[in-house]
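Subject: The model, and some notes to go with it

Hi,

Here is the structure I promised to pass on to you. Please open it alongside this email, and I'll walk you through what turned up.

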Amino acid sequence: MDTEKKQKYFVSRKKTVTIKCLACGKVRTVPVENLNKKSHSLTINCPCTKTFEVDLEFRHDYRQKSHIVGSFRAYSSPKERSRRCVIADQSLGGLLLHVQDDLPIKHDDRLIVSYPSDSGSLREIERVISVRHYTPGSRIGGAFVDAKDQFRSQDTLTATA
Ligand SMILES: [Zn+2]
């Protein structure tokens, strides 16, 4: 058996991972869309005759930096009372909102956040978050409490070596 250190790739938002053969340096792109979302080993047969295994790790808390304009409101408020926010950071576990208003928000408050599914898209996502931290007039960090689409396929895969 080969005793050299296995390469490990972290996978998040893309559907492919780019793997480099350490023997010849050749780079190949491998689809990982249909693989187990937790961890997976792949055996790569390189044209240079090198055969090697790589480990893939699917990140659950991969954070996507973003700057999406959305709105939020208290769970019990009607949508007309939504306030503007910027989704500054999103992950499979929650959101970081930048806000301007100084609001009476407390830890564990539930907020409904609406924002376009992608920048430029008209389709709107509504998620419920539970407030984890709040800096008045600045930022709200919250964890999703509606776990429904935590593992949408488009959320899965980006690779960094
Ligand atoms: Zn090779």
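Let me start in the middle of the fold: β8 and β11 run antiparallel and are joined by five bridges, with Leu97 standing opposite Ile140 in β11. Strands here are DSSP runs of E with at least two residues, helices are runs of H or I with at least four, and both are numbered from the N terminus. Two strands count as paired if DSSP finds at least two bridges between them.

Before going further, two notes on how to read this. It is a predicted model, in which local features need pLDDT of at least 70 and side-chain atom pairs count only at pLDDT 80 or more, while totals for chains, interfaces and linings use all residues. Residues are numbered from 1 along each chain as its sequence is written.

Overall, the protein chain has zero helices and twelve strands. Of its 161 residues, 17% count as buried (20 or more other C-beta atoms within 10 Å of the residue's own; 12 or fewer is exposed, in between is partly exposed, and C-beta atoms are placed from the backbone). Among contacts with a separation of 6 or more, 51% link residues 24 or more positions apart (a contact means C-beta atoms, placed from the backbone, within 7 Å).

Back to β8, residues 94–98: four of its five residues are buried. On its other pairing, with β7 (residues 83–90), the two strands are antiparallel over four bridges, and Gln90 stands opposite Leu95. Three residues link β7 to β8 in a hairpin.

These strands also feed the largest nonpolar core, which has 13 residues; Phe72, Cys85, Ile87, Leu95, Leu97 and Val113 touch the most other members. Two or more residues of this core come from each of β7, β8, β9 (110–116) and β10 (124–135). Apart from it there is another core, of seven residues, including Val17, Val32, Val54 and Leu56. By core I mean a set of buried Ala, Val, Leu, Ile, Met, Phe, Trp, Tyr and Cys residues joined through C-beta atoms within 7 Å. Beyond its neighbours within four places in sequence, Cys85 is in contact with Gly70, Ser71, Phe72, Leu97, His98 and Val99.

Val17 takes us to β2 (residues 16–20), where Val17 and Ile19 point to one face and are buried, while Thr16, Thr18 and Lys20 point to the other and are not. In a regular strand, side chains alternate between the two faces of the sheet. β2 runs antiparallel to β3 (residues 27–31), with five bridges between them, and Lys20 stands opposite Val27. The two form a hairpin with six residues between them, and Gly25 in that turn has a positive phi of about 85°.

One loop residue is worth a look too: Pro104, between β8 and β9. Pro104 is exposed because only 8 other C-beta atoms lie within 10 Å. Its C-alpha atom is 8.2 Å from that of Pro136, 32 residues away along the chain.

Finally, confidence. The mean pLDDT (the predictor's confidence in each residue, from 0 to 100) is 79 for the protein chain, and 76% of the residues score at least 70. Among the elements, β11 (residues 139–144) has the highest mean, 94, and β12 (residues 157–160) the lowest, 42. Over residues 149–161 pLDDT stays under 50, and the model has 33 contacts beyond four places in sequence for them.

Best wishes

Notes: Two residues are in contact if their C-beta atoms, placed from the backbone, lie within 7 Å.
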